[in-house]
Amino acid sequence: MAQATAFGIWVDEGGLSHIEIFDCRGQICGKFIWFEEPNEEDGTPKLDDENPDEAMRTRPLMGLQLLEGFDASGPSAWAGGTIYDPQSGKTYSSTMELLDDNTIEVRGYVVLPIFGRSQTWTRYIP
């Protein structure tokens, strides 16, 4: 049996964005590659305007890396990473677990995983 992989394109739980998960220097990272509504009402790209660092508030959300630093913690699980929530401007500790070939659970938390929230993403299949 082939080892489970998180690599690929995933649709978030609400279907509002697609995230590409990829290898970055031996760890797992992920970035936004599609939004249902990528632009503001005036047609300008949506920005990271909730970021606590004022200097980063002008960066576009498209292409923004929201997952980083994950290492394998089992045959289909990864831990030790972080997930950035652009809606709140907060970064959380995170784990990921592949539930099956086309479903991944991503959990963000503070201090301990029990103090967190999970989302189930589905693999994008064109």
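**View 1. Eight strands close into a barrel in this predicted model.** Going around the barrel, the strands follow the order E1-E2-E3-E4-E5-E6-E7-E8, and their pairing is antiparallel. Neighbouring strands of this sheet are turned against each other by 35 degrees on average, direction ignored. As a handy reminder, strands of a sheet pair through backbone hydrogen bonds, in either a parallel or an antiparallel way.

**View 2. Strands E4 and E5 form a hairpin.** Here you can follow E4 through residues 65-74 and E5 through residues 77-85. The hairpin has 2 residues between its strands, and 5 bridges hold the antiparallel pairing of E4 and E5. For a landmark, look for Asp-71, which stands opposite Ala-79 in E5.

**View 3. On to the hairpin of E5 and E6.** E5 is joined to strand E6, residues 90-100, by 7 bridges, and the two run antiparallel. Which residue of E6 is the bridge partner of Ile-83? It is Tyr-92. This hairpin has 4 residues between the strands, and in it Gly-89 takes a positive phi near 75 degrees.

**View 4. Strands E7 and E8 pair in the antiparallel sense.** E7 covers residues 103-109 and E8 covers residues 116-123, with 7 bridges between them. To find your way in this view, start at Tyr-109 and look across to Gly-116, its bridge partner in E8. Both strands also belong to the barrel of View 1, where E7 and E8 come at the end of the listed order.

Conventions
Residues are numbered from 1 along each chain as its sequence is written. This is a predicted model: local features need pLDDT of at least 70, side-chain atom pairs count only at pLDDT 80 or more; totals for chains, interfaces and linings use all residues. Side-chain values use heavy atoms; hydrogens and water are left out. Two strands pair if DSSP finds at least two bridges between them. Axes are lines fitted to C-alpha atoms, for helices over the stretch in contact, and angles run from 0 to 180 degrees between N-to-C directions.
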